[in-house]
Amino acid sequence: MKKAIVYIMSFFLIAPVYSQYRVEGGEGEPLREVNDMSNFIEVWLLNGLSGAEISFTSAEPVASHRWFKYKTSTGETFPVATAESSLTTSVIRDIEDGFGYYVGNEYGPGGNNVVWIIDYSQHLPQIVSVTFDEIEEERCENLKLIMDMDADPLVYYLTDGVYQEIRRHFFLEYQQLRWEGESKQFIQELKTEEFNRVVLEHVVDAPLVNTSYTLRGDQFAEHFGKLYSVNSPEYNAVAIDVHTYAYVIPEEGEEEELNSEQAYQAPLNVRFEAYSNDPPGVMYTWKIFKIDPSTGKRESSETYRYNTQNCEVNFTFSGTYDVVIEVKVPNSDETCAYETASDTQEFRLILEESFLRLPNAFSPGSSIGSNDVYKVYSKSLISFKASVFNRWGNILYTWTDPEEGWDGRVNGKYVPTGVYFVVVEAKGADGRNYKESSDINVLRSRN
């Protein structure tokens with residue numbers, strides 16, 4: 001019970017020290033933009049000073065309220081007459097733009113705040129126009145905007161004379177395309193850039209879609225329900241943005257993205273895809289160059305060429321290939337062109353040199369999954385045929401896929417143990433021809 005009484009008494013002892021200002025008037029709702037408790041100052045924006053007034057309420061009698069104002073510091077203050085008062089509230093009117101008002105004495109507000117008044121209607125932004133300054137050598141990457149605009153700084157002063165400025169925010173809006181990689185499509189969206197000062201020149205990424213540019217602001221105009229904005233003429237997009245993909249297509253199983261660091265075996269099917277913002281009349285050209293192993297540079301003419309947006313290529317020769325693309329509108333000086341830089345590539349494909357080796361033994365039917373099928377060891381073979389013979393020269397089995405083999409059976413039954421003979425004819429992706437033969441030792445079988 002004693003603690004409760006102490007708490008209540010403490011509340012009433014502390015409560016009188018609290019006081020507050022109230023600002024009214026002008027068109028629309030006054031905006032308290034700054035509430036700096038550390039420097040004991042509030043900054044209010046009003047849209048005009050018609051009917052403007054500041055009231056101060058405290059727990060002390062109104063007779064103790066003395067109003068003052070200052071322009072740049074409380075080193076020079078001016079008394080302000082009270083227009084209206086009640087028991088604990090006093091009101092002043094005839095408010096002026098660019099002054100700090102407070103209740104205190106001629107030396108400062110004491111423990112009270114200062115109320116700084118800015119008449120926004122006297123500092124309206126001037127937004128005149130937005131035009132383009134297209135720099136020829138940069139137009140495919142950037143676009144410079146010239147913005148004819150101006151705005152007074154919105155300033156206030158702390159009691160010790162320290163200059164402060166309120167940032168005005170302006171907004172630039174335009175249409176742009178954003179690439180969505182998961183769905184492989186461009187998404188058109190409204191893009192907004194924000195400036196916290198007056199900007200006369202601004203560089204944006206070259207637009208990928210026709211658009212006009214809207215400059216509006218500032219944030220205080222929007223608060224007071226005013227619209228200060230201007231639209232540029234429509235800009236016709238000239239830039240081309242291209243996104244490319246490559247997928248390895250196996251004879252069986254799921255396709256996978258091409259890995260430029262991995263070596264593959266020939267023959268190999270690869271699908272190339274290209275996507276752009278598709279200006280009217282755009283043409284796609286894929287070029288595939290083989291790398292000369294002696295120089296490490298591309299051969300002078302392309303090995304493959306496809307004038308399609310997407311293409312599927314069957315690589316049958318070993319080696320290293322650079323894949324590049326060109327995307328442009330033919331016979332157009334207006335639209336930019338996209339072309340893979342000469343010192344790089346969209347993709348690099350490595351196809352291993354051919355290889356063939358014939359094992360000389362296996363154990364069919366003895367250990368399932370372990371050396372129970374006769375298979376050759378090979379890489380990058382573009383043609384293949386293997387035949388197994390018995391000791392009398394009769395063909396027992398033939399297969400044409402180097403990934404497959406002989407399970408040691410003829411007509412569904414395992415052959416007896418013994419020595420058999422295999423002949424392989426093949427051609428490598430590097431042009432090498434193979435005609436190899438070997439004994440096959442069937443170590444154990446099951447009849």
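Two strands count as paired here if DSSP finds at least two bridges between them. Keep that in mind, since I start with strands. The model is a predicted one.

Take strand β34, residues 381–389, and look at V388. Which residue of β35 does V388 stand opposite? V388 faces Y397 there. Strand β35 covers residues 395–399, and 4 bridges join it to β34, the two running antiparallel. Between β34 and β35 there are 5 residues, and the two strands form a hairpin. In that turn G393 has a positive phi of about 85 degrees.

V388 also has a partner in another strand. In β38 its bridge partner is V422. Strand β38, residues 418–428, is antiparallel to β34, and 8 bridges join them. So much for β34.

Next is strand β5, residues 67–70. It has a hairpin as well, this one leading to β6 through 6 residues. β6 covers residues 77–80, runs antiparallel to β5, and is joined to it by 4 bridges. Strand β9, residues 99–103, is also antiparallel to β5, again with 4 bridges. W67 shows both pairings: it stands opposite V80 in β6, and its bridge partner in β9 is V103.

Now the side chains of β5. In a regular strand the side chains alternate between the two faces of the sheet. Are the faces of β5 covered or open? Both are covered. W67 and K69 on one side are buried, and so are F68 and Y70 on the other.

On to charges. How many salt bridges does the model have? The count is 22. I will go through three of them.

The first on my list is E106 with R66, at 3.3 Å from N to O. E106 lies in the loop between β9 and β10, and R66 in the loop between β4 and β5, so this salt bridge ties together parts that are 40 residues apart in sequence. E106 is partly exposed because its relative accessibility is 32%, and cover is called buried only under 20%. R66 is also partly exposed, at 43%.

Next is R271 with E255, at 2.8 Å from N to O. R271 sits in strand β23, residues 268–276, while E255 is in the loop between β20 and β21, 16 residues apart. E255 has a relative accessible area of 38%, so it counts as partly exposed. This pair belongs to a network of salt bridges that links K184, E255, R271 and E273.

K184 deserves a second look. It is placed in the loop between β15 and β16. Its phi is near 55 degrees, a positive value in a residue other than glycine. At 23% relative accessibility, K184 counts as partly exposed.

The last pair is R298 with D322, whose closest N and O atoms are 3.1 Å apart. R298 is in strand β25, residues 297–298, and D322 is in strand β28, residues 319–328, with their positions 24 residues apart in the chain. Is each partner buried or exposed? R298 is partly exposed, with a relative accessible area of 28%. D322 is buried, because its value is 3%.

There is also a patch of negative charge on the surface, where D133, E134, D333 and E334 gather. D133 belongs to strand β11, residues 126–133. Its relative accessible area is 32%, so D133 is partly exposed.

Finally, some backbone details. Where are the cis peptide bonds that I want to point out? One joins G217 and D218, with omega about -5 degrees. D218 is in the loop between β18 and α2. Another runs from A266 to P267, with omega near 0 degrees. P267 lies in the loop between β22 and β23.

N411 has a positive phi of about 55 degrees although it is not a glycine. It is found in the loop between β36 and β37. N411 is exposed because its relative accessible area is 79%, and the cut-off for exposed is over 50%.

One more loop residue is S86, between β7 and β8. S86 is partly exposed, with a relative accessible area of 42%. The C-alpha atoms of S86 and T57 are separated by 9.3 Å, with the two residues 29 residues apart along the chain.

That is the tour.

Methods:
Residues numbered from 1 in each chain as written. Predicted model: local features only at pLDDT ≥ 70, side-chain atom pairs only at ≥ 80, totals over all residues. Heavy atoms only, no water. Buried < 20%, exposed > 50% of the residue type's maximum accessible area, 1.4 Å probe, protein only. Patch = residues over 30% accessible without salt bridge, like charges linked within 9 Å, V, L, I, M, F, W, Y side chains within 5 Å. Areas by Shrake-Rupley, 256 points an atom, 1.4 Å probe, with all protein chains shown as cover. Salt bridge = Lys/Arg side-chain N within 4 Å of Asp/Glu carboxyl O. Lys, Arg positive; Asp, Glu negative; His and termini not counted. Charge placed at Lys NZ, Arg CZ, Asp CG, Glu CD.
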